[in-house]
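Thanks for making room for this. I'll go through the sheets, then the disulfide, then the spaces inside.

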Amino acid sequence: MDKRITIAIDGQSSCGKSTMAKSLARELGYVYVDTGAMYRAVTLFALRNGLFNADGSVKADGLERQMGRVDVTFRLNPETRQPETFLNGENVERAIRSMEVSSHVSPVAALPFVRTAMVARQRLMGAQKGVVMDGRDIGTTVFPDAELKVFVTASADVRARRRYDELKAKGMEADYGEILKNVKERDYIDSHREVSPLRPAEDALLLDNSRMTPGEQQQWLRNRVQNCLKTCL
């Protein structure tokens with residue numbers, strides 16, 4: 001019988017979690033779930049519906065009343081074979097990667113009712129195992145019993161540069177200083193929020209990829225998966 005496990009990849013913003021998780025899921029034939037995209041989609045909904053105050057804080061009561069109108073799903077792009085994010089049936093994969101969404105997502109993701117709704121959906125997506133899920137609290141909250149947990153980190157400067165390069169490659173406007181400021185702010189908010197703060201699970205493997213190439217990261221992950229398939233089951 002084919003052994004299938006749950007792989008939880010957590011870490012800081014812009015550390016390459018999604019890229020490595022997508023690649024690993026494709027190699028293994030597993031389902032990939034980008035939980036960060038789910039919170040970004042909720043943030044996009046809030047922005048479009050005037051649910052932020054002038055100071056950037058969230059109109060939490062208003063968003064909570066409208067959460068029933070938020071439907072986040074993933075569909076596989078037949079050409080790229082990559083999952084894309086849909087909000088209420090609209091492909092928002094590009095829109096949720098904007099700096100406007102990036103600068104508003106952390107306070108939205110910190111709201112308990114948002115996390116409760118998203119965690120419930122994430123657990124349904126991964127209920128059958130054979131899933132690679134990345135985010136901030138997968139190994140600590142969503143799947144605390146995941147067979148393999150990885151916590152990814154890199155220096156703020158490295159992460160800001162990667163984010164800058166990614167946006168420029170997509171033809172989007174980018175300012176390195178603004179991105180670095182956003183990375184540091186998100187680190188603080190994510191690690192200090194009351195519900196499911198960003199932290200490594202006690203049994204997570206730490207991966208600092210500041211000086212690693214994408215190929216080296218993937219080989220590191222492959223080795224840990226193979227070891228887990230031999231010893232975790």
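Glycine 11 sits opposite valine 152 of strand 7. Those two residues belong to a pairing between strand 1 (residues 6–11) and strand 7 (residues 148–153), which run parallel and share five bridges. Strands here are DSSP runs of E of at least two residues, helices are runs of H or I of at least four, and both are numbered from the N terminus. Two strands count as paired if DSSP finds at least two bridges between them.

Before I go on: this is a predicted model, in which local features need pLDDT of at least 70 and side-chain atom pairs count only at pLDDT 80 or more, while totals for chains, interfaces and linings use all residues. Residues are numbered from 1 along each chain as its sequence is written, and side-chain values use heavy atoms, with hydrogens and water left out.

Back to the sheet. Strands 1 and 7 are part of an open sheet of five strands, ordered 2-6-1-7-8, with parallel pairing. Strand 2 and strand 8 (205–208) have a single partner strand each, so one side of each lacks a neighbour in the sheet. From one strand to the next, the twist averages 20 degrees.

Two helices to point out on this sheet. Helix 2 (residues 35–48) packs on it and touches strand 2 and strand 6 (131–135), with its direction at about 40 degrees to that of strand 2. Contact means heavy atoms within 4.5 Å; angles run from 0 to 180 degrees between N-to-C directions, using lines fitted to C-alpha atoms, for helices over the stretch in contact. Helix 10 (residues 214–231) touches strand 1, strand 7 and strand 8, and its direction makes about 160 degrees with that of strand 7.

Now the other sheet. It is open, has three strands in the order 3-4-5, and pairs antiparallel. Strand 3 (72–76) and strand 5 (90–91) are its edges, each pairing on one side only. Strand 3 and strand 4 share five bridges, and leucine 76 stands opposite proline 83 in strand 4. Helix 2 packs here as well, touching strand 3, strand 4 and strand 5, at about 30 degrees to the direction of strand 4.

Next, the disulfide. The structure holds one, joining cysteine 228 to cysteine 232 with an S to S distance of 2.4 Å; the cut-off for the sulfur pair is within 2.5 Å. The link is left-handed, at -125 degrees about the S-S bond.

Last, the spaces. On a 1 Å grid over the protein atoms alone, a cavity is a set of points where a 1.4 Å probe fits but cannot get out, a pocket is an open set with protein on both sides within 12 Å along at least five of seven lines, and lining residues have an atom within 4 Å of a point. The largest pocket has a volume of about 880 Å³, volume being the space filled by probe spheres set on the points. It has 39 lining residues, and the closest to its centre are Ser14, Gly16, Ser18, Thr19 and Glu166. Helix 1 (17–28), helix 8 (156–169) and helix 10 are among the elements giving two or more residues to that lining.

And how many cavities of 30 Å³ or more are there? The search finds one. Its lining includes Lys22, Tyr32, Phe74 and Pro83, and strand 2 and strand 4 (83–87) each supply at least two residues.
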